[in-house]
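Biologist: I should like to go through this protein with you, one question at a time. Could you show me the sequence and the structure?

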Amino acid sequence: MTTGKLDQALTRRGLTTRRLRLRAAAVIGAVTAGVSGVLLYSLTNVLGPDTVCNGVVSADALHDALGPGRISEQDNDEPAPLHDSGSSCTAVVSTGVFGGHRSVLVGVRSDRDTAVSEAEAGARLFAASANGGSAGGVTGPVAWALLPEGCGTGGVRARVDATKGGSVGDGDLARFAVAAANGLATQRNCTTPKLPAPGHLSAPGAKQDLDSGNVCGLPGLTVPGGASAARGYRQRATTASDPIWSCEVGMGSTAATFAIGTEPRLRAPDADKDTPEAFGRAHWTMGLSFPNNDEVVVTCRGRPTYLKLRLLGDRTLFPDDGELWRQFLTAGGKAVGCEPILP
């Protein structure tokens, strides 16, 4: 049909070309608005919640860590997510119209001992002294941050696991852990100022041959059998001492782990006068009912410092536990400015 005949047909039906175009534009506009609405709902958090996980996780913090999208939560079948130690909640960012999403597991942890597992030698740590009070660490897809000082009895931290969250940078994960720690503090009615986002992470420790006369970089900590006994063993220590320094020594299965906790918030506190004497000024720390046999506490500059020594597997490298403790307390105390521990 020619243009002229088409115009005549439209005119006979009471439609002009202009009106047809207006109607077509209206239909296209409605379809576009519908599609835009679906995309807006699916790809952004417009009209979505500002927080999830009992108010602990904010939309802004979640978007900063995992990218844009609609946020929601899964409470992992727990009646009160993110309330007491051991509870957890999965925060989710939906990333598309076809069901794609990223998520991060946010949990609460409370420790009565220095948790070396959270600051293993490959961890990247951030210290309170350099980050306005924010303290914690990142190891792979897992990060943790201590609650603000004066908020609780110590040992409480936020722990975030982005195993299912795709690739999340160490800095982003550390900032998200601190944001979660601030959220927990608010939920617990803690009125201390919020912790700032950490600005610097230490480098991960590197594995190296065991130095028999300078174990873990601590002068005076030695292998009794010398270089021949140390052959084949490896050592790896964190590159930071705050909030915790740790070192692993081993060949195959781990032979020994050392840790020094310089941040009192790392664990529930012990009163020196109420715990058994260990070596010099050091006292054994207390577990739930009995003294720990692998950790001591000593007061340094009015604050508690914790030293932890754990021997595993074959003990031929360090056959004398008592002598190893004495060397560790002397060398470790000197390294963190807490001396003398021994008389």
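The exchange below treats the disulfides, the cores and the strands in turn.

Biologist: How many disulfides does the structure hold?

Modeller: This is a predicted model, and the pairs are found from their sulfur atoms. With bonded cysteines counted along the chain, the disulfides follow the pattern 1-2, 3-4, 5-6. The number of disulfides that the structure holds is three.

Biologist: Why is the disulfide of cysteine 53 and cysteine 89 left-handed, and what is the torsion about its S-S bond?

Modeller: The sulfur atoms of cysteine 53 and cysteine 89 are 2.1 Å apart, and both residues are buried. Cysteine 53 lies in the loop between strand E1 (51–52) and strand E2 (57–58) and cysteine 89 in strand E4, so the disulfide ties together parts 36 residues apart in sequence. The disulfide is left-handed because the torsion about the S-S bond is about -75 degrees.

Biologist: Which residue forms a disulfide with cysteine 216, and how many residues apart in sequence are the parts that the pair ties together?

Modeller: The partner is cysteine 247, with the sulfur atoms 2.0 Å apart. Cysteine 216 lies in the loop between E10 and helix H5 (226–230), whereas cysteine 247 belongs to strand E12, so the parts tied together are separated in sequence by 31 residues.

Biologist: Is cysteine 338 buried or exposed?

Modeller: A disulfide joins cysteine 338 to cysteine 300, with an S to S distance of 1.5 Å. Cysteine 300 lies in strand E16 and cysteine 338 in the segment after H6, so this pair connects parts 38 residues apart in sequence. The relative accessibility of cysteine 300 is 6%, so that residue counts as buried. At 2% relative accessibility, cysteine 338 also counts as buried.

Biologist: Which helix gives the most to the largest nonpolar core?

Modeller: The largest nonpolar core has 40 residues, and those touching the most other members are Val57, Leu62, Leu82, Val104, Val106, Val160 and Phe176. Among the elements that each supply at least two residues are helix H3 (59–66), strand E5 (101–110) and helix H4 (170–187). With nine residues, the element that gives the most is H4.

Biologist: How many residues of E8 are buried?

Modeller: Val142, Trp144 and Leu146 point one way from E8, while Ala143 and Ala145 point the other way, and all are buried. E8 is thus mostly covered, and the number of its five residues that are buried is five.

Biologist: Which residue of E9 stands opposite alanine 143?

Modeller: E8 pairs with strand E7 (residues 136–139) in the antiparallel sense over four bridges. E8 and E9 also run antiparallel, joined by five bridges. In E9, the residue opposite alanine 143 is valine 160.

Biologist: Which strands stand at the edges of the open sheet of eight strands?

Modeller: The strand order is E10-E11-E12-E13-E17-E16-E15-E14, with antiparallel pairing. Each edge strand has a single partner strand, so one of its sides is left without a neighbour in the sheet; the edge strands are E10 (208–209) and E14 (277–279).

Biologist: At about what angle does helix H6 run to E17?

Modeller: Helix H6 (residues 321–335) lies across several strands, including strand E12 (244–251), strand E13 (253–261) and strand E17 (303–311). The angle at which H6 runs to E17 is about 140 degrees.

Methods
Residues numbered from 1 in each chain as written. Predicted model: local features only at pLDDT ≥ 70, side-chain atom pairs only at ≥ 80, totals over all residues. Heavy atoms only, no water. Pairing = 2+ DSSP bridges. Contact = heavy atoms within 4.5 Å. Axes fitted to C-alpha atoms, helices over the stretch in contact; angles between N-to-C directions. Core = buried A, V, L, I, M, F, W, Y, C linked by side-chain atoms within 4.5 Å. Buried < 20%, exposed > 50% of the residue type's maximum accessible area, 1.4 Å probe, protein only. Disulfide = S-S within 2.5 Å.
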